[in-house]
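Trainee: I should like to understand how each descriptive term applied to this model is justified. May we go through them one by one?

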Amino acid sequence: MADHVCPPWVGYLLLNPLRKLTESPRKLFSPFVREDMVVLEPGCAMGFFTLPLARMVGPTGKVVALDTQPKMLSVLERRARRAGIRDLLDIREVGTKGLGIDDLSGRVDFCAVIHVAHEVSDQTAFFADLARAQKPGGRLLIIEPKGHVSTSDFARTLACAEEAGFRPETSPVINGDRRALLVR
Ligand SMILES: C[S@@+](CC[C@H](N)C(=O)[O-])C[C@H]1O[C@@H](n2cnc3c(N)ncnc32)[C@H](O)[C@@H]1O
């Protein structure tokens, strides 16, 4: 499915504060994310969602932020330091052939996969890694951009997540952004 990976210059554009009008991190996550939680965010890029997630889990929680591109992660790290919340993040560079997150097995309360799945070359392996990391009952939020992802591609993404052991909690919205909430 993946033939394109978001370049760093787009990473900067994704930090545009106007994005909050359509994808407010607080509105998206407040039903699911609480203080003290462990949150996993694969494909975090420069951290449009990562920093708000870190503030939501607070000093007793953790956000594990993963990306394949070092440039995305170095900008995220700088932004987190400036915001004084670097300690709330566990920032990791991952390979495209597996997330290497065995140490998180059964520890993740909430996972956010936002505008990422269409860039992942092996979605079966990707969602299997996430399923192993997630606590039973933990939620997975998947959002994909309508512009890049057809309804059938989104259905295939959801099928990979279900095959890995997630079950859908909401029906996917297919006329706006493709969104689905799943539970482990
Ligand atoms: C379009 S950006 C979205 C960034 C962020 N989630 C947001 O919405 O602002 C997709 C990011 O996913 C990363 N990515 C692509 N494949 C990945 C993989 N297999 N594992 C982790 N990150 C990946 C890319 O490097 C890129 O930074």
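Mentor: Certainly. The protein chain comprises 6 helices and 7 strands, in a model that is predicted. From the N terminus, the order of elements is α-α-β-α-β-α-β-β-α-β-α-β-β.

Trainee: What makes the protein chain as compact as a globular protein of its length?

Mentor: The globule rule gives 16 Å for 184 residues, and the radius of gyration of the protein chain is 15 Å; the two values are close, so the chain is as compact as a globular protein of that length. Its C-alpha trace spans about 40 × 35 × 30 Å along the principal axes, and 40% of the 184 residues count as buried. Of the contacts between residues at least 6 apart in sequence, 72% join residues at least 24 apart.

Trainee: How do you know that the span of helix α4 agrees with its number of residues?

Mentor: Helix α4 covers residues 70–82, which is 13 residues; at 1.5 Å a residue these should span 18 Å, and the end C-alpha atoms are 18 Å apart, so the two agree.

Trainee: Which residues of α4 are buried, and why are they said to line one face?

Mentor: Met72, Leu73, Leu76 and Ala80 are the buried residues of α4. Viewed down the helix axis, they fall within an arc of 90°, and therefore they line one face. The background is that an α-helix has 3.6 residues a turn, so residues three or four places apart point the same way. On the other side of α4, Pro70, Arg81 and Arg82 are exposed.

Trainee: Against what do the buried residues of α4 pack?

Mentor: Their partners are α1 (8–13), α3 (50–57), β2 (62–67) and β3 (89–93). After α4 comes Gly84, with a positive phi near 75°.

Trainee: How do you know that helix α6 has the expected span?

Mentor: The 14 residues of α6, residues 151–164, should span 20 Å at 1.5 Å a residue; the end C-alpha atoms are 20 Å apart, so the span is as expected.

Trainee: Which residues of α6 are buried, and why are they assigned to one face?

Mentor: In α6 the buried residues are Phe154, Thr157, Leu158, Ala161 and Ala164. Their directions from the axis fall within an arc of 120°, so they line one face of the helix. Ser152 and Ala155 are exposed on the other side of α6. The buried residues of α6 pack against α5 (123–133), β5 (134–144), β6 (167–168) and β7 (178–183). Just after α6, Gly165 adopts a positive phi of about 120°.

Trainee: Which residues of α5 are buried, and against which elements do they pack?

Mentor: Gln123, Phe126, Phe127, Asp129, Leu130, Ala131 and Ala133 are buried in α5. These residues pack against β1 (38–42), β4 (108–114), β5 and α6.

Trainee: Why is Asp36 called exposed?

Mentor: A residue is exposed if 12 or fewer other C-beta atoms lie within 10 Å of its own. Asp36 has 11 such neighbours inside 10 Å, and therefore counts as exposed. It lies in the loop between α2 (25–29) and β1. Its phi is positive, near 85°, although Asp36 is not a glycine. Most residues other than glycine have a negative phi.

Trainee: Why, then, is His115 called buried?

Mentor: The threshold for burial is 20 or more other C-beta atoms within 10 Å. His115 has 20 and so is buried. His115 sits in the loop between β4 and α5, and its phi is positive too, near 60°.

Trainee: What makes Ser105 exposed?

Mentor: Ser105 has 11 C-beta neighbours inside 10 Å, and so counts as exposed. Ser105 is in the loop between β3 and β4. Leaving aside residues up to four places away in sequence, it touches Arg132 and Ala133. The C-alpha atoms of Ser105 and Lys135 are separated by 8.0 Å, the two residues being 30 apart along the chain.

Trainee: Finally, which residues come nearest to the ligand?

Mentor: Cys6, Leu14, Gly43, Ala45 and Glu119 come nearest, of the 23 residues around the ligand. The residues of this shell comprise 15 nonpolar, 6 polar and 2 charged.

Note on methods. Residues numbered from 1 in each chain as written. Predicted model: local features only at pLDDT ≥ 70, side-chain atom pairs only at ≥ 80, totals over all residues. Near = placed C-beta within 6 Å. Nonpolar A, V, L, I, M, F, W, Y, C, P; charged D, E, K, R; others polar. Helix = DSSP H or I, 4+ residues; strand = E, 2+ residues; numbered from the N terminus. Expected span 1.5 Å × (residues − 1). Arc of directions from axis to C-beta. Contact = placed C-beta atoms within 7 Å. Rg over C-alpha atoms; globule rule 2.2 N^0.38 Å.
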